[in-house]
Amino acid sequence: MHEPHRFRPDGRTDGPGRPRPPSRRSLLRSAAAGALASAGIVTGAPGAAAATSRVTGSKVRDLSGPALTGRFAAPWTDLGIPVRCPDGSMLFVCGDTFDGGGVGGPDWRSPVGLRSSNAAPGSLVVDGAVGGSRAVGLVPEGHTGGTTAIPSDVFTVGPTMYMHLMRGVIHETHHTDFWRSDDNGETWQYLCQWPGGLHGGQFQQKTYAVADDGYLYVLSTAFDRDVTSGLLLHRVRQDAPGDPAAYEPWGYAGGAWAWGNPPTTVTSPRRWGEICLRALGGGYTLTWLNMNPLDIRAQIFATPTSNLFTTAEQTMIVPTVPGRETGNAVASPYGGFIVPGSGVDDLHIVVSQWYDAQNYRVMQYRVNGLDGPVH
């Protein structure tokens with residue numbers, strides 16, 4: 001066994017690592033192959049667990065690529081978690097980012113911030129970057145031994161923005177850490193961290209919904225697409241997200257669900273990709289990359305503690321192969337982050353794609369036909 005990395009809040013390591021470049025592509029390819037082999041090449045048909053056939057989707061635009069973000073030394077990037085900044089602009093927080101001729105090129109950074117001065121969902125265009133002409137890494141990360149810093153969520157509470165990162169060799173999360181910005185995402189200050197093994201590893205990938213009751217509701221999973229994980233729910237006061245002791249779990253014990261019980265999964269365990277929870281339209285919307293079968297799904301429900309075991313799973317994005325993309329069918333899709341300002345009846349999501357070194361990008365999709373929450 002190799003000696004684990006010992007991380008410090010500045011992102012550097014104090015021990016040896018196991019060099020390995022980040023790779024989501026092999027996992028996505030294997031999942032896509034299974035989905036396509038079992039169902040044929042899909043151009044809109046939902047997977048076996050989908051509940052709605054009325055859902056339609058279409059590509060709005062590419063948000064990244066050499067012609068779009070190359071001028072910020074970020075032609076190759078992914079994720080692009082969208083967050084409305086306190087000044088009203090939109091920030092896309094991206095993952096592993098490269099310059100040069102493709103994925104693995106020079107100047108590896110993660111995370112980086114790309115900006116759209118117009119935050120309207122129908123008018124998003126990257127016209128700036130944190131760092132100016134070169135999108136800079138938002139936090140220190142030297143990638144020693146193949147480590148990286150992958151964002152799982154970014155959100156705004158009043159004048160403050162928060163960012164959650166998963167740190168280590170990809171899918172070997174040593175710890176996660178939490179940062180804040182008080183200047184629209186230009187600079188970030190370290191707040192706290194959690195060990196990667198907390199709650200059986202199911203507290204690695206987190207997403208936060210900003211509610212109108214003074215709380216943040218936090219869903220979490222393991223960050224490893226090969227691992228079956230539950231989905232855990234916590235809540236934390238909006239004035240204390242940087243205090244690990246302030247997170248209160250939701251769990252089932254003694255025949256009842258209650259806050260303060262040990263956390264238990266709130267839906268069927270599975271292999272999770274990216275997750276995104278938002279307060280939307282008087283309820284809550286959860287979107288995620290589902291790994292088996294491969295697709296991007298949504299659940300829409302009334303309250304944070306609604307029964308997700310019985311809530312319909314609605315398929316928004318389905319897999320296909322390069323050259324056969326149309327409607328809501330995407331080759332090697334992942335991500336699926338909700339764009340602020342969109343709604344259940346006209347949902348915009350940010351979808352990533354990676355199937356070769358020159359097809360690695362952030363895209364915007366529009367989804368219609370989703371069923372709203374049952375109150």
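This is a short tour of a predicted model, one selection at a time.

**Stop 1: the whole chain**

Start with everything shown as a cartoon. You're looking at 375 residues, 57% of them buried. Colour by secondary structure and you'll get two helices and 23 strands. Now switch on the surface: the accessible area of the chain comes to about 13500 Å², with 52% of that belonging to carbon and sulfur atoms. If you like contact maps, here's one more figure. Among contacts with a separation of 6 or more, 54% are between residues 24 or more positions apart.

**Stop 2: a four-stranded sheet**

Select residues 147-157, which are β6, and 189-195, which are β9. Which strands lie between them? The order is β6-β7-β8-β9, in an open sheet with antiparallel pairing. Because β6 and β9 are the edge strands, each with a single partner, one side of each has no neighbour in the sheet. Going from one strand to the next, the twist averages 20 degrees.

**Stop 3: strand β7 and its two hairpins**

Next, select 160-169, strand β7. Is this strand enclosed or open to the outside? Ten of its ten residues are buried, so β7 is largely enclosed by the rest of the structure.

Look to the β6 side. Ten bridges hold β6 and β7 together in the antiparallel sense. As a landmark, show isoleucine 150 and methionine 166 in β7, which stand opposite each other. Then follow the chain round the hairpin, where two residues separate the strands and glycine 158 has a positive phi near 60 degrees.

Now turn to the other neighbour. Strand β8 covers residues 172-181 and runs antiparallel to β7, joined to it by nine bridges. Two pairs are worth displaying here. Methionine 163 faces tryptophan 179 in β8, and valine 169 has glutamate 172 of β8 as its bridge partner. This hairpin also has two residues between its strands, and histidine 171 in the turn takes a positive phi of about 65 degrees.

**Stop 4: arginine 167**

Stay on β7 and show the side chain of arginine 167. How does its accessibility classify it? At 1% relative accessibility, arginine 167 counts as buried, since the cut-off is under 20%. What does its side chain reach? There is a polar contact with the side chain of glutamate 141, at 3.2 Å.

**Stop 5: a five-stranded sheet**

Move along to residues 205-210, strand β10. This strand begins another open sheet in the order β10-β11-β13-β14-β15, again with antiparallel pairing. The edges are β10 and β15, each with a single partner, so one side of each is left without a neighbour in the sheet. Here the twist averages 25 degrees from one strand to the next.

Zoom in on β14 (248-253), which is joined to β15 by four bridges. Glycine 251 sits opposite alanine 258 in β15, if you want a pair to display.

**Stop 6: proline 263**

Leave β15 and step into the loop that leads to β16; proline 263 is there. Its relative accessible area is 22%, so proline 263 counts as partly exposed. Beyond its sequence neighbours up to four places away, proline 263 touches His199, Leu232, His234, Pro249, Trp250 and Gly251. Try a distance too: glycine 230 is 33 residues away in sequence, yet the C-alpha atoms are 10.0 Å apart.

**Stop 7: strand β16**

Select 270-280 for β16. Nine of its eleven residues are buried, so β16 is largely enclosed by the rest of the structure. Look for strand β12, residues 228-229, which pairs antiparallel with β16 over two bridges. There, serine 229 partners arginine 270 of β16.

β16 also runs antiparallel to β17, with seven bridges between them. Alanine 279 stands opposite tyrosine 284 in β17. Two residues link these strands in a hairpin, and glycine 281 in the turn has a positive phi of about 60 degrees.

**Stop 8: the largest nonpolar core**

Finish by selecting Met316, Ile317, Leu347, Ile349 and Leu370. Of the 33 residues in the largest nonpolar core, these touch the most other members. Elements giving two or more residues to this core include β16, β17 (283-291) and β22 (347-356).

Centre the view on isoleucine 317. Setting aside neighbours within four places in sequence, its contacts are Asp295, Ile296, Asn328, Val330, Pro333, Ile349, Val351 and Tyr365.

How values were computed: Residues numbered from 1 in each chain as written. Predicted model: local features only at pLDDT ≥ 70, side-chain atom pairs only at ≥ 80, totals over all residues. Heavy atoms only, no water. Pairing = 2+ DSSP bridges. Axes fitted to C-alpha atoms, helices over the stretch in contact; angles between N-to-C directions. Core = buried A, V, L, I, M, F, W, Y, C linked by side-chain atoms within 4.5 Å. Buried < 20%, exposed > 50% of the residue type's maximum accessible area, 1.4 Å probe, protein only. Contact = heavy atoms within 4.5 Å. Polar contact = N/O pair within 3.5 Å; in protein donor to acceptor, adjacent residues only side chain to side chain. Areas by Shrake-Rupley, 256 points an atom, 1.4 Å probe, with all protein chains shown as cover.
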